[in-house]
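Biologist: Please put the model on the screen, and let us then go through it by question and answer.

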Amino acid sequence: MEKIIDEYKQGESLILEAKENNQRKLFIESYGCAMNFSDSEIVASILANEGFNTTQNLEDADLVLVNTCSIRDKAEQTIRKRLEKYNAVKKINPKMKVGVLGCMAERLKEKFLEEEKIVDLVVGPDAYKDLPNLIAEVEDGRNAVNVILSKEETYADISPIRLNSNGVTAFVSITRGCDNMCTFCVVPFTRGRERSRNPQSILEEVNDLWNKGYKEITLLGQNVDSYLWYGGGLKKDFVKASEIQQATAINFSKLLDLCAQAQPKMRIRFSTSNPQDMSLDVIKTMAKHNNICNYIHLPVQSGSNRILKEMNRQHTREEYFELIDNIKRIIPDCTISHDLIVGFPTETEEDHQDTLSLMEYVKYSFGYMFTYSERPGTLAERKMKDDIPEAVKKRRFNDILQLQQKHSLYRTQQDLGKIVEVLIEKESKKSSAHWSGRNEHNTVVVFPKENYKIGDFVNVKANECTSATLIGEAVGLSNNN
Ligand code: SAH
Ligand code: F3S
């Protein structure tokens, strides 16, 4: 559970370095996936040019923006609750304006203004460049909405302002949208068509981060393996592109290779991989570069072929195993994590057992686990009945959770007694005398601070562990510094 909360953070307020002449105060917080956190950095950058510095105090804000998530009903309820809090503050500070960004804005559009009277501004994920105009409208006393989705927008020309940053790890967005149409998922509707960002601008951002002292990047996309750049445009138009464009196209393995070469000491991660699109070339590129972490987040959603088909996932259980086998053959120490959904419509006990046996085969190092939540407008909602009783969903959820905890412990124990390289990110939450960082397998490692500092790569001897954390002692700086 800890991991779920880590990834799908519960609204964190964000800060950025102040621009001296900026007078207006922006309070911006993000819910949901890493992409939302990354998008908020783009929004902060756009608004920094409009005279806004961020504040961590809601009460001080002239403008409050909340970057929202629609992935499950619970995520939306959390945001509705948060709006109640803003409402209370607005009563004290009536000049404060409230804007909703992200997936919920896109899903509900104008309806948001009716349903939540407190909201002044509704802006979808592809319309952030229009924020200056929209804010001007709001300041003139009108509500403003822009939820137009784009086939081109990648914000490649905007240099994100790093918010709430540890100065060590950063997200770099490489694709937007998703064309996969998994039947349970709202993302294709809220984030639109898949498009890839110009590799030149990605490399510039990576180099810039390195020059600013960052040591680890995560290349971000809903489906990174389908990254494809041939000069812009949608992937489906690629066949129509000129021969030259096709010959010089850059796919994800090539992009990974370019990033790893550009900054050989920068640790590189990526998320999320989709089994159907992950090629052997990607795995080989990972094996070729020491600085690409041997860790893959590879959501599977279900272990049952019948359910995978109902979900419109484009692979079978057997093909997934084949991919896992290839990964292990090419990178024997690669760790793998998952996303799983229990209680998808029509899921039987037998389907559930298939999920458990798939987990048993892979023995994931960890995973993000969910009970099915019906989302309006998705194919599953339109064509299938949400027919698995809550109690059954809950029991199946507990089954996978328990099995995952067993496997996490098994995987973490594999590192006991070993020396692992850790990038220090922050002070341990539990002890101010310890640092916290991660090894390349994405396992959290804590150890006494001694004279090390945030941003150091340190070799740590792993002495003890829980299912999610290694506890150890530093044996020296690694030669990666
Ligand atoms: N490709 C994306 C997936 C986004 S959604 C990525 O970059 O992570 C993250 C996870 O939420 C999915 O993998 C799925 O396991 C879960 N999820 C999506 N829609 C859901 C729903 N309707 N109910 C329950 N879980 C869902
Ligand atoms: Fe959603 Fe499937 Fe895309 S889970 S984000 S439609 S890969």
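Biologist: How far is an oxygen atom of ligand 1 from an N or O atom in the side chain of Asp339?

Modeller: This is a predicted model, in which local features need pLDDT of at least 70 and side-chain atom pairs count only at pLDDT 80 or more, while totals for chains, interfaces and linings use all residues. Residues are numbered from 1 along each chain as its sequence is written, chains are lettered from A and ligands numbered from 1 in the order in which they are written, and side-chain values use heavy atoms, with hydrogens and water left out. A polar contact is a pair of N or O atoms within 3.5 Å, where a pair within protein also needs one atom able to donate a hydrogen and the other able to accept it, and residues adjacent in sequence count only if both atoms are side-chain atoms. For the side chain of Asp339 and the oxygen atom of ligand 1, the separation is 2.6 Å.

Biologist: What share of the accessible area of ligand 1 does the protein cover?

Modeller: Accessible areas come from the Shrake-Rupley method with a 1.4 Å probe, and for residues only the protein chains shown count as cover. On its own, ligand 1 has 550 Å² of accessible area, and the part covered by the protein is 90%.

Biologist: Which elements give two or more residues to the shell around ligand 1?

Modeller: Elements are DSSP runs numbered from the N terminus, with helices (H or I) of at least four residues and strands (E) of at least two. A residue is near a molecule or strand if one of its heavy atoms lies within 4 Å of it, and of the 15 residues around ligand 1, Gln222, Thr272, Gln301, Asp339 and Ser373 come nearest. The elements that give two or more residues to this shell are strand 16 (335-342) and strand 17 (366-371).

Biologist: What is the distance between a nitrogen atom of ligand 1 and a polar backbone atom of Phe184?

Modeller: Phe184 also appears among the residues around ligand 2, including Met181 and Gln222. Towards ligand 1, the polar backbone atom of Phe184 lies from the nitrogen atom at 3.0 Å.

Biologist: Why is one side of strand 8 and of strand 14 left without a neighbour in the sheet?

Modeller: Two strands pair if DSSP finds at least two bridges between them, and the open sheet of three strands has the order 8-11-14, with parallel pairing. Strand 8 (169-173) and strand 14 (267-271) stand at the edges of the sheet, so one side of each is left without a neighbour, because each has a single partner strand.

Biologist: At what angle does helix 2 run to strand 8?

Modeller: Axes are lines fitted to C-alpha atoms, for helices over the stretch in contact (heavy atoms within 4.5 Å), and angles run from 0 to 180 degrees between N-to-C directions. Strand 8 and strand 11 (residues 216-220) pair in the parallel sense over five bridges, with Thr169 having Glu216 as its bridge partner in strand 11. Helix 2 (residues 34-48) packs on the sheet and touches both strand 8 and strand 11, and its direction makes with that of strand 8 an angle of about 90 degrees.

Biologist: What is the omega of the peptide bond from Ser271 to Thr272?

Modeller: Thr272 lies in the loop between strand 14 and helix 11 (280-288). The bond from Ser271 to Thr272 is cis, with omega near 10 degrees.
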